[in-house]
Amino acid sequence: MERIDAIVVGAGFSGLYMLHRLREEGLSTRVFELGDDVGGVWYWNRYPGAKCDIESVYYNYTFSPELLQEWTWENRYPDQPAILKYLNHVADRFDLRRDIQFKTRVTSAHYDQKSKRWLVQTDDGKTVSAKYFISGVGCLSSSNTPKFKGLDSFQGECFHTGSWPHEPVDFKGKRVGVIGTGSSGIQAIPVIAKQAQHLYVFQRTPQYTIPAGNRPYDEAFIRDTKANYGAIKQQMLQSWSGTPKKPPERSALDATEQERRSAYEAVWQDGGQLLSAFKDLMTNLDANATAGQFIRDKIGEIVRDPAVAKALTPSYVYGTKRPVLDTGYYETFNRDNVTLVDVKSAPVVEITANGLRTTEGDYEFDALVFATGYDVVTGPLFRLDVRGKEGVALKDKWANGSSIQTYLGIATSGFPNFFMITGPQSPALLSNNAISIEQHVEWITDCIRYLREHKLESIESNVEAEQAWSKHCKEVSDATLFSQGESYWTGANIEGKHMTFPVYVAGVGVYRGICDKVQANGYEGFSLTPYPANANAEAVQA
Ligand code: NAP
């Protein structure tokens with residue numbers, strides 16, 4: 001069996017940087033990637049309109065000053081082709097492809113207690129043994145297609161936004177159905193509406209979304225950003241979200257109605273998240289209600305048909321589902337070729353050969369797009385069939401997600417030398433992922449270097465440390481509104497799934513401080529096991 005130092009799963013933002021850093025440390029490292037090229041979610045998410053809603057100049061690696069200087073983003077929000085181009089550039093620039101095995105699915109990763117190594121099986125029938133096993137699968141890589149009756153009977157073309165074909169898809173002259181109005185649906189719907197002969201949007205929960213305000217960067221902004229990247233990076237590292245935006249200082253309730261409206265209007269006109277307007281929108285229901293009402297009023301102003309406007313108007317607490325940014329979303333429902341179908345009041349009964357049936361009627365179309373999201377956070381991890389000591393499966397340890405317990409969102413007890421980049425109970429789902437990924441990769445790299453320098457065979461988080469961390473995560477999120485609704489954050493989007501809120505919401509800067517302190521204190525909360533006295537040099541090396 002082949003023996004290497006480290007195995008990383010996934011060649012997206014996480015896996016690429018992890019590979020780069022481990023190679024710099026001199027570790028023999030292999031990345032297994034299912035796709036036939038780099039990119040991770042940005043390789044698979046090629047649906048029309050796919051974009052990131054973190055601004056381009058902040059949604060990139062910051063570890064290499066040279067890379068920061070040589071790469072220039074064109075638009076405020078990067079679209080999928082631009083991000084994929086960037087990641088390909090990174091892969092080439094750091095010569096990463098030679099250690100990535102593409103078109104390979106990890107089918108299991110089991111910890112062998114005897115050899116104290118991870119045995120990782122892949123779908124090419126091979127097993128590789130590694131000292132360290134690192135997940136770079138991210139939170140949003142396991143797409144969810146609801147188990148509708150008759151799913152296989154549809155005779156037209158069928159797509160999922162999370163695994164879009166690489167060949168161009170042309171909806172011109174076609175009747176299209178889109179199920180789902182989360183970030184993906186909201187980005188895809190305005191674009192598909194412009195191509196399709198007719199578009200049916202099947203909406204279960206109406207969404208709060210505000211204009212992204214996407215536009216080309218001007219040269220002066222790019223010049224300034226590049227000149228000041230050192231300072232900007234420091235702001236990003238210390239911030240709540242991982243971007244350098246200054247946090248709001250004022251309560252929405254201290255402002256007059258007119259001041260609030262003008263603050264919201266300024267964000268609406270410029271684009272970006274409304275949550276940036278006041279400091280207490282996610283901690284105070286009354287403050288939050290003012291933001292929700294602002295968007296509800298906008299919907300009434302934009303959408304001409306009052307019945308459609310009403311159906312598009314959300315009533316849940318703003319921000320308890322991920323707030324969305326859009327380009328012309330509500331306006332799309334003024335088009336003659338777009339029909340909004342409320343599948344909350346009249347649920348989907350079945351998919352038929354020619355479309356779908358709700359409790360109120362039949363809809364016929366030629367192509368069906370599932371924009372139904374992901375089995376978030378635990379989905380991609382459980383798919384790896386990770387088993388730790390005594391053969392315990394991660395899935396069983398966390399009882400399918402209802403009892404997630406990690407230490408710092410990076411490690412979990414019973415799984416030595418297993419690291420999760422942007423794992424549950426880290427800030428990842430709510431932060432600028434590029435920054436959160438870099439932080440985890442660097443923490444893991446430092447940790448592995450420490451193990452090697454101190455001739456330590458393994459690291460494993462302590463049960464007490466992860467219980468305390470999980471409790472702390474819950475206390476912090478319970479003090480906010482984030483965890484109070486039904487969202488994919490809590491697993492409510494998937495039938496039968498129930499998950500504890502898996503995000504550390506104290507913010508990127510606070511979290512970084514905690515992780516750094518754990519490291520500075522010799523990995524407090526972890527058990528570090530030395531190699532046995534009689535271990536040979538080769539075993540200690542690898
Ligand atoms: P999502 O936010 O989970 O939205 C899924 C949509 O499908 C929701 O409207 C959901 O309705 C609906 N749905 C699910 N099951 C359904 C069913 N059985 N019947 C009818 N409707 C159903 O997924 P997403 O839009 O793919 O976004 C996921 C995340 O990916 C984003 O929040 C973001 O983190 C990331 N993403 C980011 C961007 C970006 O940067 N702009 C773009 C795309 C994705 P309910 O709300 O009722 O559950």
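Here are some worked exercises on a predicted model, covering its cavities, two helices and a few individual residues.

**Exercise 1. The cavities**

Task: Find how many cavities of 30 Å³ or more the structure holds, and work out which residues line the largest cavity.

Solution: Let's begin with the idea behind the search. Rolling a probe the size of a water molecule over the atoms shows where empty space is left.

- Step 1. The count comes to 3 cavities of 30 Å³ or more.
- Step 2. The largest cavity encloses about 80 Å³ of space.
- Step 3. Its lining is made up of Val-57, Asn-60, Leu-68, Trp-71, Thr-72, Trp-73, Ile-222, Thr-225, Lys-226 and Tyr-229.
- Step 4. Sorted by class, that lining has 6 nonpolar, 3 polar and 1 charged residues.
- Step 5. Helix 6 (residues 219–227) gives the most to the lining, with 3 residues.

Now try the second largest cavity, with about 40 Å³ of space. Residues lining this cavity include Trp-240, Ser-241, Pro-427, Tyr-504 and Gly-507. By class there are 7 nonpolar and 3 polar residues in this lining, and no charged residues.

**Exercise 2. Checking helix lengths**

Task: Compare the expected span of helix 14 (residues 433–453) with the distance between its end C-alpha atoms, then do so for helix 15 (residues 463–478).

Solution: The rule to apply is 1.5 Å times one less than the number of residues.

- Step 1. Helix 14 has 21 residues, so it should span 30 Å.
- Step 2. The end C-alpha atoms of helix 14 are 30 Å apart, which agrees.
- Step 3. Helix 15 has 16 residues, so the expected span is 22 Å, and its end C-alpha atoms are 22 Å apart, in agreement.
- Step 4. Look just past helix 14 as well: Lys-455 takes a positive phi of about 50° there.

**Exercise 3. The two sides of helix 15**

Task: Work out where the buried residues of helix 15 fall when seen down its axis.

Solution: A reminder about geometry helps here. An α-helix has 3.6 residues a turn, so residues three or four places apart point the same way.

- Step 1. List the buried residues of helix 15: Ala-465, Glu-466, Trp-469, Ser-470, Cys-473, Val-476 and Ser-477.
- Step 2. Down the axis of helix 15, these buried residues fall within an arc of 130°, so they line one face of the helix.
- Step 3. On the face turned away from the buried side of helix 15, you will find the exposed residues Glu-464 and Lys-471.
- Step 4. Among the elements covering the buried residues of helix 15 are helix 13 (394–397), strand 19 (456–461) and helix 16 (508–520).

**Exercise 4. Positive phi in two loops**

Task: Locate Val-377 and Leu-408, and decide whether each is buried or exposed.

Solution: First, the background. Most residues other than glycine have a negative phi.

- Step 1. Val-377 is not a glycine, yet has a positive phi of about 65°. This valine, Val-377, sits in the loop between strand 16 (367–370) and helix 12 (378–383).
- Step 2. The cut-off for buried is under 20% relative accessible area. Val-377 has 3% relative accessibility, so it counts as buried.
- Step 3. Leu-408, also not a glycine, has a positive phi of about 65°. Its loop runs between helix 13 and strand 18 (418–420).
- Step 4. With a relative accessible area of 0%, Leu-408 is buried.

**Exercise 5. Around Val-267**

Task: Which residues are in contact with Val-267, leaving aside its neighbours within four places in sequence?

Solution:

- Step 1. Place Val-267 in helix 8 (residues 257–270).
- Step 2. Val-267 counts as buried, at 12% relative accessibility.
- Step 3. Its contacts are Ile-210, Gly-272, Gln-273, Leu-274, Ser-276 and Ala-277.

Methods. Residues numbered from 1 in each chain as written. Predicted model: local features only at pLDDT ≥ 70, side-chain atom pairs only at ≥ 80, totals over all residues. Heavy atoms only, no water. 1 Å grid on protein atoms, 1.4 Å probe; cavity = no way out; pocket = protein on both sides within 12 Å on 5 of 7 lines; lining within 4 Å. Points joined across faces, edges and corners; volume = space filled by probe spheres on them. Helix = DSSP H or I, 4+ residues; strand = E, 2+ residues; numbered from the N terminus. Nonpolar A, V, L, I, M, F, W, Y, C, P; charged D, E, K, R; others polar. Buried < 20%, exposed > 50% of the residue type's maximum accessible area, 1.4 Å probe, protein only. Arc of directions from axis to C-beta. Contact = heavy atoms within 4.5 Å.
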